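I opened this entry to look up how the ligand is held by the protein around it. My notes follow in the order in which I checked things.

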Amino acid sequence: MSIARFPRRRYTAGMTAIERLDRLSEALGGPTIWIKRDDQLGLSAGGNKTRKLEFLVADALAQGADTLVTTGAPQSNHCRLTAAAAVKEGLKCRLLIEERIPGSFAQDATGNHFLFDLLGVESIEVVPAGTDLAAGMARIAEGLKAEGRKPYVIPGGGSNPLGALGYVACAGEIVAQSADMGVAFDAVVCASGSAGTHAGLLVGLEAARSQMPLTGVSVRRAVPEQTALVEGLAVRTAELLGHDSSVVAGTVRVDDRWVGEGYAIPTDTMVEAVRMLAGLEGVLLDPVYTGKAMAGLIGQVREGRWKKSENILFVHTGGSPALYAYRPTLAKGVPLA
Ligand SMILES: *Cc1c(COP(=O)(O)O)cnc(C)c1O
């Protein structure tokens, strides 16, 4: 079935730009690096969840929902964008926050947590790492139903087959832009977390019979678990579209060497990547996802993985509001004159 048959809200006008990063490419002395500016998608401060929410919120509206319920970490970009979509559609929003790093939740935190407040989130429930989040959200939804409300539950990261359609659509944009620009990308690199981005791009590139190899840089799990997560979601997304799902089997590539001690825990290579992109290109990455994914790309360039003549596309999935919550780790301090 064509992706055009799925109900979709539109939160971004047109395609996001693909830009060439001349100064970064020159500094690294490797291939030409390009960036897909999904950090400039619509809704408050943009990022990849906006694409997923176009399909998820359309489904919620079709079902007559009045409240979006979702889950994420204390600095979740997905929770921020779900709250923004709710505002835009006149819906309410409830959040279940998983404190993945013990003690990391703070009511006076800045970054995305501050934006939950500004965007009018109705209430936040905080639970420890390892809590059954699906069950937690189901319980919140039951409570809302008992009050006569109509909740719609969105899984963490918006990563189910419907949400992944947002990145099937993104792959279509990349293929069209590549043809239009006359640039054949030799590789595409993205961050791989709850897997909707990685899986959606894989299915979309495959559907377009594109030869661009895709690598996901893991931000949390080791290769076997992350590969299984991406492959499982890619298969279900292909099935939702009625495509042959066997073609995605065995094609998932994950690099797990840039996670460091764990999800959302800073690494030196992340700090270097965030500061390089800001200082050389004026592009703001984030400390949890794109900083580590870009650290992976930089690391692979330094390993000599690509020829100087090749073109590599980095998908910037957003997240810059979280930078503010990591200021002590990232800032050097501007010298006072
Ligand atoms: C959620 C997120 C990702 C990871 O995308 P998944 O689809 O969850 O794998 C990458 N970058 C940013 C900024 C995110 O918020």
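Before listing any pairs I fixed my term: I take a polar contact to be a pair of N or O atoms within 3.5 Å. I also keep in mind that this is a predicted model.

With that cut-off in hand, I looked up Gly196 and found that a polar backbone atom of this residue is 3.3 Å from an oxygen atom of the ligand. I then turned to side chains, where a polar atom of Asn48 lies 2.9 Å from a ligand oxygen atom, and where Asn77 likewise places a polar side-chain atom 2.9 Å from an oxygen atom of the ligand. On cover, I noted that the ligand taken alone exposes 380 Å², of which the protein buries 98%.

Next I asked where the ligand sits, and the answer is the largest pocket. The elements that give two or more residues to the shell around it are α2 (49-62), β7 (187-192) and α7 (196-207).

I then went through the shell itself, in which 17 residues surround the ligand, the closest being Lys49, Lys52, Gly193, Ser194 and Thr317. Sorting the shell by class, I recorded eleven polar, three charged and three nonpolar residues.

Last, I checked which domains supply the shell, and I found that domain 1 (18-47 + 160-330) and domain 2 (49-158) each contribute at least three residues to it.

Notes:
Residues numbered from 1 in each chain as written. Predicted model: local features only at pLDDT ≥ 70, side-chain atom pairs only at ≥ 80, totals over all residues. Heavy atoms only, no water. Near = heavy atom within 4 Å. Polar contact = N/O pair within 3.5 Å; in protein donor to acceptor, adjacent residues only side chain to side chain. Areas by Shrake-Rupley, 256 points an atom, 1.4 Å probe, with all protein chains shown as cover. 1 Å grid on protein atoms, 1.4 Å probe; cavity = no way out; pocket = protein on both sides within 12 Å on 5 of 7 lines; lining within 4 Å. Sits in = over half its atoms within 2 Å of the grid points. Helix = DSSP H or I, 4+ residues; strand = E, 2+ residues; numbered from the N terminus. Nonpolar A, V, L, I, M, F, W, Y, C, P; charged D, E, K, R; others polar. Domains from an automatic or database assignment.
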